[in-house]
Amino acid sequence: DLDVKARLYAKHGVLEYWVVDLVNNRVWRHRRPSGQQYAQRDEIQQGTLELPVNAGEIVVAELFTP
């Protein structure tokens, strides 16, 4: 959910929030909560996503491979 849940998570200080869009093969990454919104929102369709707290990374294309 890019609206209601994003506001709730930001309000409660969730540092990073991802939405995986399986229909359009993309990931929405929200960072830097501020009030009831995120100051940074990225749409990622290729490359890698770094996992929070230096836990590694994910190749985005692998999320959408059957």
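Which residue in strand 3 is the bridge partner of Arg29? In this predicted model, the bridge partner of Arg29 in strand 3 is Asp42.

## Strand pairing

Strand 2 and strand 3, the latter spanning residues 37–44, run antiparallel and are joined by 7 bridges. The pairing of Arg29 with Asp42 belongs to strand 3 on the Asp42 side. The hairpin formed by strand 2 and strand 3 leaves 2 residues between the strands, and Gly35 there has a positive phi near 65°.

Strand 2 (residues 26–34) also pairs with strand 1 (residues 16–21). These two strands are antiparallel as well, with 6 bridges between them. Val20 has Val27 of strand 2 as its bridge partner. Here the hairpin has 4 residues between the strands, and Asn25 in the turn adopts a positive phi of about 50°.

## Nonpolar cores

The largest nonpolar core consists of 6 residues: Ala6, Ala10, Tyr17, Val19, Trp28 and Tyr38. Two elements, helix 1 (4–11) and strand 1, each give two or more residues to this core. A second core, separate from that one, has 5 residues, among them Val27, Ile44, Val60 and Phe64.

Val19, a member of the largest core, is in contact with Asp1, Leu2, Arg26, Val27, Trp28 and His30 when neighbours within four places in sequence are set aside. Of these contacts, Trp28 is listed in the largest core, while Val27 is listed in the second core.

## Salt bridges

The model contains 5 salt bridges. One of them links Asp3 and Arg7, whose closest N and O atoms are 2.7 Å apart. Asp3 is partly exposed at 45% relative accessible area, and Arg7 is also partly exposed, at 36%.

Arg26 takes part in two further pairs. With Asp21 the N to O distance is 2.9 Å, and both of these residues are buried. With Glu43 the closest N and O atoms lie 3.0 Å apart. Arg26 belongs to strand 2 and Glu43 to strand 3, so this salt bridge ties together parts that are 17 residues apart in sequence. Glu43 has a relative accessible area of 39% and is therefore partly exposed. Through shared partners, Asp21, Arg26 and Glu43 form one salt-bridge network.

How values were computed. Residues numbered from 1 in each chain as written. Predicted model: local features only at pLDDT ≥ 70, side-chain atom pairs only at ≥ 80, totals over all residues. Heavy atoms only, no water. Pairing = 2+ DSSP bridges. Core = buried A, V, L, I, M, F, W, Y, C linked by side-chain atoms within 4.5 Å. Buried < 20%, exposed > 50% of the residue type's maximum accessible area, 1.4 Å probe, protein only. Contact = heavy atoms within 4.5 Å. Salt bridge = Lys/Arg side-chain N within 4 Å of Asp/Glu carboxyl O.
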